[in-house]
Number of protein chains: 2
Amino acid sequence: MPILNLDEMRGLAERVLVAAKTSPENAASVAQALVAADADGLASHGLSRLPAFADQAVSGKVDGFAVPEVTRPKPAAVRVDARSGFGFPAIAAGLAEAQKAVRETGVVAVAVGRSHQSGAAGFHVERMAEKGLVALSFNNSPAGLGPWGGNRALYGTNPIAFACPRGSPGAPLVIDLSLSKVARGKIKLAADQGEPIPAGWAVDKDGNPTTDAKAAMAGTMLPMGDAKGAALALAVEILSAALTGSNFGFEASSFFTAEGPPPHVGQFFLVIDPATFGDGFAERVEGLLQAILVQPGTRLPGQRRLENRERAQAQGVEIPDTLYQDLIRRAGGQA
Amino acid sequence: MPILNLDEMRGLAERVLVAAKTSPENAASVAQALVAADADGLASHGLSRLPAFADQAVSGKVDGFAVPEVTRPKPAAVRVDARSGFGFPAIAAGLAEAQKAVRETGVVAVAVGRSHQSGAAGFHVERMAEKGLVALSFNNSPAGLGPWGGNRALYGTNPIAFACPRGSPGAPLVIDLSLSKVARGKIKLAADQGEPIPAGWAVDKDGNPTTDAKAAMAGTMLPMGDAKGAALALAVEILSAALTGSNFGFEASSFFTAEGPPPHVGQFFLVIDPATFGDGFAERVEGLLQAILVQPGTRLPGQRRLENRERAQAQGVEIPDTLYQDLIRRAGGQA
């Protein structure tokens, strides 16, 4: 498999998107997020998404030239209309506004509507924590999870992400978890590669347990934490879709195909300035993290991600050969 | 077992607390929340807590006369110092301030510090949803959950609660879930009654699985959703304690005994006015809820709670005889 450094990956991704009816600004925003996911070892949210994204830009399912519209309906509220464009530039625009506003107000809510895939949810909140802020995010996606006791998917896998600064040098603490037992992208990757999935990840379209990744893609994933996880997924669906004027998971078109109307999913963020409530927040967080780490057998959430990132920055990332050839062809033959 | 109506229960609870060094205002606030929990069938957060609360008011572990201090450090931020008093009046004071502020700002964060037990977490957010608001809460409690892979409890069972209005008459949607497989109160109730607990709820102090409720009380509960649930508990611990200037779970004294310093746990709320982001929020929520209910085998989160509440309002609540006799004695013999 070819190995590319992160700059090469970003450059290639941008060329693929620009060749597919996308503005250079939007292409840069999407490329940055996808390559960051690959660097963190989250291949299912990395360049593997690019062929589908490019096809959707060409078909018009996503508007690659959209300029997100950012408004501030209330002092602590930011509204973003993604205008059927990519999710990444819309989210970045909303969070940039929140970052300014939050020093004045203490907390800011950001509602992103008429949006598209948000990628690895930790990516966005980590940007806020790098500025000393605490951030929570709630995203929905095309239906993959059903209500507890039911047999048909209504919600997305609906990741919750949390990030905050630490009282030590280095990356912030980032917690990023989808509410399915596993991320849908992992099942998609297994389906694409013709590999089976472990039992307990999903049921097929008739509600029966399955280890066939393709049958699982046609069925419903199981929530983490059973009924409690399903209830959390409902809360995330309400925050990310009902509050942002977006489609629910069962109303949204696929992120994987070029056909159909825009997915018009939503993202909801809460950004908090911890200094609002007192001093020493990051040091208190660090104390808790050290109390975790003195227990043998523990590691912090996101630790593997940071190890992957360090290795990727030094050595680059392996890209599956089929994907690489596809991207080169889409970029017009430039390596 | 004696059956009391809800007014009788509240009256009895108030008399018990006032007899135990508590102001009438604070006694009314605590009684209202405990009786609401009993009415909802959540006995582990109901009058069963009252003997321990009264003992703590007498010993001074909780200051029954505390008047919570509410400040507004930023337009969208409310800070409450519970001043070592009961959690319920402190939370109510903070949310009352948030309810006023949120119409101006769109979202408000409420940080309650130096607090005590918050009871059934759904109680507080439901009050906000009754006013047409969306609310999220994050509470910590004395250590009951360990980090994933570890063997010692650091976090509380750390409930997350969510509530929002529906587009139909009646009670709001309320989601209230502790991040342990079950609420600690259920294990305490089993321990008090000398009953075993199901496997998978907890480990003993050496990290071994147990069905002995007393051994479980001395050990660590298991999180819902395994590693993901443990990561969520960490996020809740940071929001409820680090952000509010409160004790982490492993620093907090017990809610069940009269000895030691105040627990000084924390509560963090986010209150959102959905009208900030557009019209029709409650109707969209209702559409989603109806899409759940058309699937056979489903029910909405909190449905059993509402059925219990209706029955309790009509028929009263059975109080265990030992508890009833104890409360009557504490209230000075008045029935």
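Helices (H or I, at least four residues) and strands (E, at least two) are DSSP runs, numbered from the N terminus. By this numbering, Asn158(B) belongs to the loop between β5 and β6 of chain B. The model shown in every view is predicted.

**Figure 1. Two residues of chain B with positive phi, Asn158(B) and Arg114(B), neither of them a glycine.** Asn158(B), in the loop between β5 and β6 of chain B, has a phi of about 45°. Its relative accessibility is 0%, and Asn158(B) therefore counts as buried. Arg114(B) lies not in a loop but in strand β4 of chain B, with phi near 50°. Because its relative accessibility of 33% falls between the limits of under 20% for buried and over 50% for exposed, Arg114(B) is classed as partly exposed.

**Figure 2. The open sheet of chain B, with seven strands in mixed pairing.** Across the sheet the strands follow the order β2-β3-β4-β10-β5-β6-β7. The edge positions are taken by β2 (69-74) and β7 (173-177) of chain B; each has a single partner strand, so one side of each has no neighbour in the sheet. From one strand to the next, the twist averages 15°.

**Figure 3. Pairing of strand β3 (residues 77-81) of chain B with β4(B) and with β2(B).** Strands β3 and β4 (residues 107-115) of chain B run parallel and are joined by five bridges. In this pairing, Val80(B) is placed opposite Val112(B) of β4(B). The pairing of β2(B) with β3(B) is antiparallel and has four bridges. Within the β2(B) pairing, Glu69(B) has Asp81(B) of β3(B) as its bridge partner. The connection from β2(B) to β3(B) is a hairpin of two residues.

**Figure 4. Helices α4 and α8 of chain B against the sheet.** The strands β3(B) and β4(B), parallel and joined by five bridges, are among those that helix α4 (residues 87-105) of chain B touches as it packs on the sheet. The other strands in contact with α4(B) are β2 and β10 (265-272) of chain B. The direction of α4(B) makes about 160° with that of β4(B). Helix α8 (residues 226-242) of chain B also packs on the sheet, where it touches β5 (134-139), β6 (160-164) and β10 of chain B. Between the directions of α8(B) and β5(B) the angle is about 95°.

**Figure 5. Helix α6 (residues 184-192) of chain A and the elements that cover its buried residues.** Arg184(A), Gly185(A), Ile187(A), Ala190(A) and Ala191(A) are the buried residues of this helix. Their cover includes β8 (202-203), α7 and β9 of chain A. Gly194(A), just after α6(A), adopts a positive phi of about 65°.

**Figure 6. Gly219(A), in the loop between α7 (213-218) and β9 (220-221) of chain A.** With a relative accessible area of 11%, Gly219(A) lies under the 20% limit and is therefore buried. Leaving aside residues up to four places away in sequence, Gly219(A) is in contact with Val203(A), Asp204(A) and Lys205(A). Asp192(A) is 27 residues from Gly219(A) along the chain, and 16 Å separate their C-alpha atoms.

**Figure 7. Domains 1 and 2 of chain A and the contact between them.** The domain assignment gives domain 1 as 1-59 + 309-335 and domain 2 as 67-180 + 223-291. Taken over C-alpha atoms, the two centres are 23 Å apart. Domain 1 contributes 19 residues to the contact and domain 2 contributes 14 residues. About 1,500 Å² is buried between the two domains, with 64% of this area from carbon and sulfur atoms. Arg49(A), Phe53(A) and Gln56(A) provide 32% of the area that domain 1 buries against domain 2, more than any other three residues.

**Figure 8. The interface of chain A with chain B.** A rotation of 180° with 0.0 Å of shift along its axis places chain A on chain B with an RMSD of 0.0 Å. The two copies are thus related as by a two-fold rotation axis. Among the residues of chain A, Gly225(A) comes closest to the axis, its C-alpha atom lying at 1.9 Å. Each chain, A and B, supplies 72 residues to the contact. The buried area is about 5,600 Å², to which carbon and sulfur atoms give 75%. Lys228(A), Phe277(A) and Leu288(A) lose the most area in chain A, together 14% of what that side buries. Of the interface residues of chain A, 100% are also interface residues in chain B, so the copies meet through the same surface.

Terms used:
Residues numbered from 1 in each chain as written. Chains lettered and ligands numbered in written order. Predicted model: local features only at pLDDT ≥ 70, side-chain atom pairs only at ≥ 80, totals over all residues. Heavy atoms only, no water. Buried < 20%, exposed > 50% of the residue type's maximum accessible area, 1.4 Å probe, protein only. Contact = heavy atoms within 4.5 Å. Pairing = 2+ DSSP bridges. Axes fitted to C-alpha atoms, helices over the stretch in contact; angles between N-to-C directions. Least-squares fit on C-alpha atoms with pLDDT ≥ 70 in both. Domains from an automatic or database assignment. Buried area = accessible area lost by both parts, 1.4 Å probe.
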